[in-house]
Amino acid sequence: MKINHNFDNLVPNYLFADIAKKSSEYAAAHPDKPLIRMGIGDVTLPLPKVAVDALKKGAEDLAHKESFKGYPDYEGYDFVREAISKYYASFGVTVSADEILVTDGAKGDSANLSEIFSQDSVVLVTDPVYPVYVDSNIMAGRKILYAPSNEENGFCAAPDESVHADLIYLCSPNNPTGAAFSKDQLKAWVDYANKEDAVIIYDAAYEHFIVDDSPRSIFAIEGARTCAIEICSMSKTAGFTGTRGGYTVIPKELVRDGHNIYDLWYRRLSTKYNGVSWPVQCAIAAIFSEQGMAEIDDNINYYRENASTIMATLDKLGIEYTGGKNSPYVWMKCPKGMGSWEFFDYILEEIQVVGTPGEGFGDCGKGWFRFTSFGSHENTVEAMKRMEKLLG
Ligand SMILES: *Cc1c(COP(=O)(O)O)cnc(C)c1O
């Protein structure tokens, strides 16, 4: 027998392993100099109380014959999908509950949705990129094209009309660059996708971080309902990285190759998936209550203050960056023409601060560096003090 040899085409991604190795080696050699970790891509604040209460109540329901729940609906319970539909309406986007599918998070759907499209589909991603979109398509043996996101376009790539694509992955606000598409920029992608008969898989995992008039959903754009699927996550906005919860939206009028895309995805889900547990669905619905929204806003504001601290320091130092405003990520240009890894080593050794080298996310990340705002205020303030002293 043979394995799936597409796996041979995966480029080993040592980014986080290399960061961990360099950091732990430094820490072992300098036990007197504790590191400040500004590279973490995981949240650090605990779950909102409304979610914990809902999880407890959901667990209690399972303990009694009258309230016990077995297999859930594949697409999620009605009341959860209704709550999500109302959430979209709160920022002016109409998505009906029967176009929403509750999931165990955005990573799975972003990796699996391509299964319903032909193996010959030409995939287009931006560079730098969240690695899941690339690796999942390499595993499927697909050809991948890259749209450069760089300093010239403000890390918001535009479609190249001379290139055809079938499946397009967009992430806004972006991980890793923190840049968010404007309405016009996103409209250009929607028009391109409709013209090319392509489908956009739109990752809105960070939509709740948006503070300006950047679109919170691709469905805020005219024409998106005939070309886009949106995936979203409770992970970064509500602290669900370990609890697991998200949702995917597929408009009923999205049709390709004579097939309804929602129906195909539903068929695929019901074959390979048995849904999200009752306590977690209760917790997801609780987040979309008034109290839930207030609690997640408090948590997000805590991270926003960290991002502001980082941005204020970079402004003072005259260092260019994107993100921070609509995103927990700040993406900075390495000073003095340094490379990503050169800057990583420099601040590790000089000020014991750890971040993420941008080139780990693609060629266009060379010479750029990512800080996250998911740490504590104390550590963020201290790290930025040290940055000012070192580079000021
Ligand atoms: C963190 C993250 C996700 C979240 O994935 P989950 O499976 O919901 O935890 C999705 N997309 C991007 C770009 C992310 O950074």
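# Helix packing, ligand contacts and backbone features

User: How do H11 and helix H12 (residues 377–391) cross in this predicted model?

Analyst: The axes of H11 and H12 come within 11 Å and cross at roughly 105 degrees.

User: Why is H11 called roughly perpendicular to H12?

Analyst: The cut-off for roughly perpendicular is 65 to 115 degrees. The crossing is at roughly 105 degrees. That value falls in the range, so H11 is roughly perpendicular to H12.

User: Which residues make that contact?

Analyst: H11 brings Phe 343, Tyr 346, Ile 347, Glu 350 and Ile 351. H12 brings Arg 386, Met 387, Leu 390 and Leu 391. These residues divide into 7 nonpolar, no polar and 2 charged.

User: What makes Glu 350 and Arg 386 count as charged?

Analyst: Asp, Glu, Lys and Arg are the charged types. Glu 350 of H11 and Arg 386 of H12 both take part in the contact, and the charged count there is 2.

User: Why are H1 and H11 called roughly parallel?

Analyst: Helix H1 (residues 15–29) and helix H11 (residues 340–351) pack at an angle of about 25 degrees. Angles under 35 degrees count as roughly parallel. H1 and H11 are therefore roughly parallel to each other. Their axes are 11 Å apart.

User: Which residues of H1 and H11 make the contact?

Analyst: From H1 come Leu 15, Asp 18, Ile 19, Lys 22, Ser 23 and Tyr 26. From H11 come Trp 341, Phe 344, Asp 345, Leu 348 and Glu 349. The split is 6 nonpolar, 1 polar and 4 charged. H1 passes H11 in a right-handed crossing.

User: What makes the packing of helix H2 (residues 49–62) with helix H9 (residues 278–287) roughly antiparallel?

Analyst: Angles over 145 degrees count as roughly antiparallel. The axes of H2 and H9 cross at roughly 150 degrees, so the pair falls in that class. The axes come within 8 Å. The crossing is right-handed.

User: Which residues meet where H2 packs on H9?

Analyst: In H2 they are Val 50, Ala 51, Ala 54, Leu 55, Gly 58, Ala 59, Asp 61 and Leu 62. In H9 they are Trp 278, Pro 279, Val 280, Cys 282, Ala 283, Ala 286 and Ile 287. This contact divides into 13 nonpolar, 1 polar and 1 charged.

User: Which residues come nearest to the ligand?

Analyst: Of the 14 residues around the ligand, Tyr 206, Ser 233, Ser 235, Lys 236 and Arg 244 come nearest.

User: How do you know that Ser 233, Ser 235 and Lys 236 make polar contacts with the ligand?

Analyst: A polar contact is a pair of N or O atoms within 3.5 Å. A polar side-chain atom of Ser 233 lies 2.6 Å from an oxygen atom of the ligand. For Ser 235 the distance is 2.6 Å. For an N or O atom in the side chain of Lys 236 it is 3.4 Å. Each distance is within 3.5 Å, so each pair is a polar contact.

User: What does Asn 260 reach, and what does it touch?

Analyst: Asn 260 is in strand E10 (residues 259–260). Its side chain reaches the backbone nitrogen of Tyr 262 at 3.0 Å. Not counting residues up to four places away in sequence, Asn 260 touches Lys 252, Leu 254 and Val 255.

User: Where are the cis peptide bonds before Pro 173 and Pro 176?

Analyst: The bond from Ser 172 to Pro 173 is cis, with omega near -10 degrees. The bond from Asn 175 to Pro 176 is cis too, with omega near 20 degrees. Pro 173 lies in the loop between strand E5 (167–171) and helix H6 (183–196). Pro 176 is also in the loop between E5 and H6.

User: What is phi of Phe 155?

Analyst: Phi is near 60 degrees, a positive value in a residue other than glycine. Phe 155 is found in the loop between strand E4 (143–148) and E5.

Methods:
Residues are numbered from 1 along each chain as its sequence is written. This is a predicted model: local features need pLDDT of at least 70, side-chain atom pairs count only at pLDDT 80 or more; totals for chains, interfaces and linings use all residues. Side-chain values use heavy atoms; hydrogens and water are left out. Axes are lines fitted to C-alpha atoms, for helices over the stretch in contact, and angles run from 0 to 180 degrees between N-to-C directions. Helices (H or I, at least four residues) and strands (E, at least two) are DSSP runs, numbered from the N terminus. A crossing is left-handed if the near helix is turned anticlockwise from the far one by less than a right angle, and right-handed if clockwise. Contact means heavy atoms within 4.5 Å. A residue is near a molecule or strand if one of its heavy atoms lies within 4 Å of it. A polar contact is a pair of N or O atoms within 3.5 Å; within protein, one must be able to donate a hydrogen and the other to accept it, and residues adjacent in sequence count only if both atoms are side-chain atoms.
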